[in-house]
Amino acid sequence: MVPSANRPSVSPPSPKCPQRNHTVYYLSKKRRRGRRHPFFSQLSEGIDTGCRQASYFLNITYLYEDDNLPNQLSKLLAPGCRGIILLGTEMDEHAFAPFLTLPVPIVVLDTFFEGISANYVQIANVQGAFLAAGHLIRKYRTQPGYLRSSYPIGNFSERADGFYKAIRKNGMPASKSPVHTLSPSMEGAYEDMRELLRQGEAPARCYFADNDLIADKNASPVKIEIETSLVLRQS
């Protein structure tokens with residue numbers, strides 16, 4: 001958690017049933033419309049449970065890149081808005097700028113902007129990827145490949161950083177790790193990998209993957225060992 005500077009605060013309501021005049025907005029900023037990973041559904045369910053226990057009403061709203069963001073935010077700041085939980089997985093600093101002047105507390109999940117002081121809750125992407133790649137190197141005594149997402153977000157960039165740090169620390173040249181760019185979904189990753197194999201691409205002995213959908217062994221058309229940063233963080 002990175003503390004915010006000069007952020008407004010609110011007092012919790014009295015412990016009773018959630019009321020709409022004590023509303024927390026959970027905003028999910030997305031670049032494109034479509035299905036999301038089940039993790040995010042579980043995340044919103046957990047936030048809802050926490051809000052109810054604290055006697056807050058949770059309003060879940062999705063914001064898309066083609067939306068008029070200032071107009072959307074002005075509608076959200078109706079009487080009763082007590083704070084915002086912002087899922088920033090797909091956000092960059094430019095997209096976050098309109099939130100900086102809002103007069104309510106904000107907590108940003110799943111991203112971090114180095115130059116912006118705010119309240120952040122973030123995954124240890126670099127460390128997780130470093131540990132996962134190191135595990136593969138120790139177990140198989142060979143250089144792992146990298147199953148990289150074709151959809152760029154900050155989390156994946158940080159995982160790439162951790163992966164290559166592990167490669168270099170073990171005295172391996174980064175250029176020798178085969179990199180396959182795949183869709184970050186089970187179906188898409190399967191089809192992309194199958195096409196690479198059809199073209200004669202030789203698979204590595206083991207791989208690090210950007211997320212668990214790419215890494216899912218049921219989605220992989222080859223029998224290989226795959227690790228994600230998520231695996232080692234949960235074990």
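A salt bridge here is a side-chain nitrogen of Lys or Arg within 4 Å of a carboxyl oxygen of Asp or Glu, and that cut-off is what lets E191 and R194 count as a pair, because their closest N and O atoms are 3.0 Å apart. Everything shown in these views comes from a predicted model.

**View 1. The whole chain, before zooming in.**
The protein chain has 235 residues, and 45% of them are buried. Along the way it forms eight helices and nine strands. If you look at contacts with a separation of 6 or more, 68% of them join residues 24 or more positions apart. Salt bridges come to four in total, while the disulfide count is zero.

**View 2. E191 and R194 pair up on helix α6.**
This is the salt bridge from the opening, with 3.0 Å between the closest N and O atoms of E191 and R194. Both partners sit in helix α6, which covers residues 186-198. They are three residues apart, so about one helical turn separates them. Neither end is fully tucked away: E191 is partly exposed at 40% relative accessible area, and R194 is partly exposed too, at 32%.

**View 3. R52 reaches D48 on helix α1.**
Here the side chains of R52 and D48 form a salt bridge, 3.3 Å from N to O. Helix α1 runs over residues 38-53 and holds both of them, four residues apart, or about one turn of the helix. D48 is partly exposed, with a relative accessible area of 24%.

**View 4. Helix α5, with a salt bridge and a set of buried residues.**
K165 and D161 make a salt bridge in this view, and their closest N and O atoms are 3.7 Å apart. The two residues are four apart within helix α5 (residues 154-169), about one turn of the helix. K165 is partly exposed at 38% relative accessible area, and D161 is partly exposed at 31%. Other residues of α5 are buried, including F156, F163, Y164 and I167. How far apart are the end C-alpha atoms of α5? They are 23 Å apart, which agrees with the 22 Å that its 16 residues should span at 1.5 Å a residue. Just after the helix, G171 takes a positive phi of about 75 degrees.

**View 5. Two separate nonpolar cores.**
The largest nonpolar core has 21 residues, and L27, I84, L86, F96 and F99 are those with the most contacts inside it. Two or more residues come from each of β1 (19-30), α2 (69-76), β3 (81-87), α3 (93-96) and β4 (106-109). Zoom in on L86 and, leaving aside neighbours within four places in sequence, you'll find it in contact with L27, M91, F96, F99, I106, V107, V108 and L109. A second, separate core has 15 residues, with L136, Y140, Y164 and F208 among them. Y164 also belongs to the buried residues of helix α5 in View 4.

**View 6. I214 in helix α7 and the residues around it.**
Is I214 buried or exposed? I214 is buried, with a relative accessible area of 3%. This isoleucine lies in helix α7, which covers residues 212-215. Once neighbours within four places in sequence are set aside, I214 is in contact with L147, R148, S149, L182, S183, P184, A189 and A209. Take R148 from that list: I214 and R148 are 66 residues apart in sequence, yet their C-alpha atoms are 8.4 Å apart in space.

**View 7. T89 and D110, a polar contact from a buried loop residue.**
T89 has its place in the loop between β3 and α3. Despite being a loop residue, T89 is buried, with a relative accessible area of 6%. Which side chain does the side chain of T89 meet in a polar contact? The partner is the side chain of D110, at 2.6 Å.

**View 8. Two buried cysteines, C51 and C206.**
A disulfide is a covalent bond between the sulfur atoms of two cysteines. How many disulfides does the model have? The count is zero. Both cysteines shown here are buried all the same: C51 at 8% relative accessibility, and C206 at 0%.

How values were computed
Residues numbered from 1 in each chain as written. Predicted model: local features only at pLDDT ≥ 70, side-chain atom pairs only at ≥ 80, totals over all residues. Heavy atoms only, no water. Buried < 20%, exposed > 50% of the residue type's maximum accessible area, 1.4 Å probe, protein only. Contact = heavy atoms within 4.5 Å. Core = buried A, V, L, I, M, F, W, Y, C linked by side-chain atoms within 4.5 Å. Disulfide = S-S within 2.5 Å. Polar contact = N/O pair within 3.5 Å; in protein donor to acceptor, adjacent residues only side chain to side chain. Expected span 1.5 Å × (residues − 1).
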